[in-house]
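Biologist: Hi! I'm new to this one, so could you walk me through it?
Modeller: Happy to, let's bring it up.

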Amino acid sequence: MTLVPEIDGERLLGRLDAFARIGATPAGGVNRQAFSIEDRSARRLLAELALERGFAVFQDAMANLFIRREGTDATLPPLLIGSHLDSQPTGGRFDGALGTLSAFETLEAVEDAKVETRMPIEVVAWANEEGSRFAPGVMGSMAFTGADISAWQSIVGSDGASLAEELAATISALPEATLRPLGMPISGYIELHIEQGPSLEKERLPIGVVTAVQGTRWLEVSIEGAAGHAGTTGLAYRRDPMVAAVAAMHRLQTTVMPLDSSARLTVGRVTAKPGSINAIPQSVAFAVDIRHPRVERLDAIEAETRQVCAAEAGAQHCTAMIRRSFDMPGAAFSPDMVKTVEEAVNSLRLPHKQMISGAFHDALFLARVAPAAMIFVPCREGLSHNEAEYVEPAYAVTGARVLLKAAIAAASLDDSRHCSGRLIAMRSVSSGGGRHSCLPPCPCTNKPCSCVLTALVGVRKMDE
Ligand code: GLV
Ligand code: MN
Ligand code: MN
């Protein structure tokens, strides 16, 4: 007998508590940075819960973790649902964990009710979404969707650790998860996440249906001067990179955001070498995080950052070097998958709005190879990347209920809704083994492959 699948709110909230204990910080947040011991423990706990329930567990070469429940049509690629388990160094307990554990709760709810879906459903915990220990972020989903990862071998973390070593140790810490090749055809992707901003709470809306994600660019700035004695070196003799760095940051903060309300510019990490209280630093490095919905504005802000850093370094007789470490243009989600999510929200009679995500997410990369969409729930005062991050339990459970409805609907769709052109394009990812390439025209609409359409819609929507 098939029952009506329901989210078990207590089970979900209990799991959120259990995972929040892994890497718990005294201030109530979590420090579970990518590929750390804590990250490995969280992956282990999720894998154990899955194996206990009889689900198959897989991982790939980037340590993405998958939990699979079969569908009735073995020829169909799986619908993926999930998020990430890694955190910021002083992160909140919901960023990533809510989406991953709600996805697992969804799988359990479907299993409890013995619901049959056409497509297999797989829960995924993407590796290194945050990127704060090892830049860039969204490594797992980027690699899964065909990024060239050869240059990542040499990446060194903010703590001096080697990515290659930590990744290998993370994979071998979970031998129960069968290794599978990186990347595969998928039918779609849905991710639940906290908003990480204040708008839903302010508007008293329990749900945001996300239609697009804005773009992100990270720049690593290094200003080189000359080390010297703090007590004896007069102004005329100084080549102080700290003075240049402070001036550059100040100029950027007083121009970029005040002149463009859609722009975001953040300097979240500054390091001085040798880092001695009584020495003028030899060099100062800082990272600039730039966000904007429009790629031409990302270009313009990057150009301004380069010009300002060079000018302020020059004024102190220093030199500036800038390296782009991450470039992720924004994109719109598939209108079909957004509609599926919105129908789920409407069937639960939940007030909601459509919105663009200010934060980046793994869904951005998944949207390049399959119909993808996101569901947002409010977080208190919009706080995130902060140990005080908090989500009302009722909102967490409501988000999971929407995910459950949307996932069952998406995993039961026939090919006329999720156009087969997309499936062909996805198959080309696995057979080519490399970058995603579109295969226009789509046989059922005779239009260019829907990936191209999504990209075009993205540009138009972002420009509006
Ligand atoms: C995600 O963690 C972001 O920084 O947007
Ligand atoms: Mn996140
Ligand atoms: Mn985050």
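Biologist: How far is a polar side-chain atom of His385 from an oxygen atom of ligand 1?
Modeller: The distance is 3.3 Å. Keep in mind that this is a predicted model.

Biologist: Which other side chains have polar atoms placed like that?
Modeller: Glu130 has a polar side-chain atom 3.0 Å from an oxygen atom of ligand 1. Arg291 has a side-chain N or O atom 2.7 Å from an oxygen of ligand 1.

Biologist: How much of the accessible area of ligand 1 does the protein cover?
Modeller: On its own, ligand 1 has 190 Å² of accessible area, and the protein covers 93% of that.

Biologist: And which residues are around ligand 1?
Modeller: You'll find Glu129, Glu130, Arg291, Ala359, Phe360 and His385 there. By type, that shell has three charged residues, two nonpolar and one polar.

Biologist: Let's switch to the metals. Which protein atoms are donors to the manganese ion (ligand 3)?
Modeller: Asp95 gives an OD atom, Glu130 is listed twice through OE, and His385 uses NE2. These donors lie 2.1 to 2.4 Å from the ion. Glu130 and His385 also belong to the residues around ligand 1.

Biologist: Where do Glu130 and His385 sit in the chain?
Modeller: Both are in loops. Glu130 is between β4 (121-126) and α4 (139-144), while His385 is between β16 (372-377) and α11 (393-411). The pair links distant parts of the chain, 255 residues apart.

Biologist: Is Glu130 buried or exposed?
Modeller: Glu130 is buried, because its relative accessible area is 4% and the cut-off for buried is under 20%. His385 comes out as partly exposed, at 41% relative accessibility.

Biologist: What about the manganese ion (ligand 2), which residues coordinate it?
Modeller: His84 and His193 do so through NE2, and Asp95 through OD, at 2.0 to 2.2 Å. Along the chain, the spacing of these donors is H-x10-D-x97-H.

Biologist: Why does the pair of His84 and His193 tie together separate parts of the sequence?
Modeller: His84 lies in strand β3 (residues 79-84) and His193 in strand β6 (residues 188-194), so the pair joins parts 109 residues apart in sequence. His84 counts as buried at 0% relative accessibility, and His193 is buried too, at 1%.

Biologist: Last one: which residue bridges the two manganese ions, and how far apart are they?
Modeller: Asp95 is the bridge between ligand 2 and ligand 3, and the two ions lie 3.5 Å apart.

How values were computed. Residues are numbered from 1 along each chain as its sequence is written. Chains are lettered from A and ligands numbered from 1 in the order in which they are written. This is a predicted model: local features need pLDDT of at least 70, side-chain atom pairs count only at pLDDT 80 or more; totals for chains, interfaces and linings use all residues. Side-chain values use heavy atoms; hydrogens and water are left out. Donors are N, O and S atoms within 2.8 Å of the metal (3.2 Å for Na, K and Ca); water is not among the atoms, so sites may look incomplete. Helices (H or I, at least four residues) and strands (E, at least two) are DSSP runs, numbered from the N terminus. Buried means under 20% relative accessible area, exposed over 50%, partly exposed in between (1.4 Å probe, protein chains only). A residue is near a molecule or strand if one of its heavy atoms lies within 4 Å of it. A polar contact is a pair of N or O atoms within 3.5 Å; within protein, one must be able to donate a hydrogen and the other to accept it, and residues adjacent in sequence count only if both atoms are side-chain atoms. Accessible areas come from the Shrake-Rupley method with a 1.4 Å probe; for residues, only the protein chains shown count as cover. Ala, Val, Leu, Ile, Met, Phe, Trp, Tyr, Cys and Pro count as nonpolar, Asp, Glu, Lys and Arg as charged, and the others, Gly among them, as polar.
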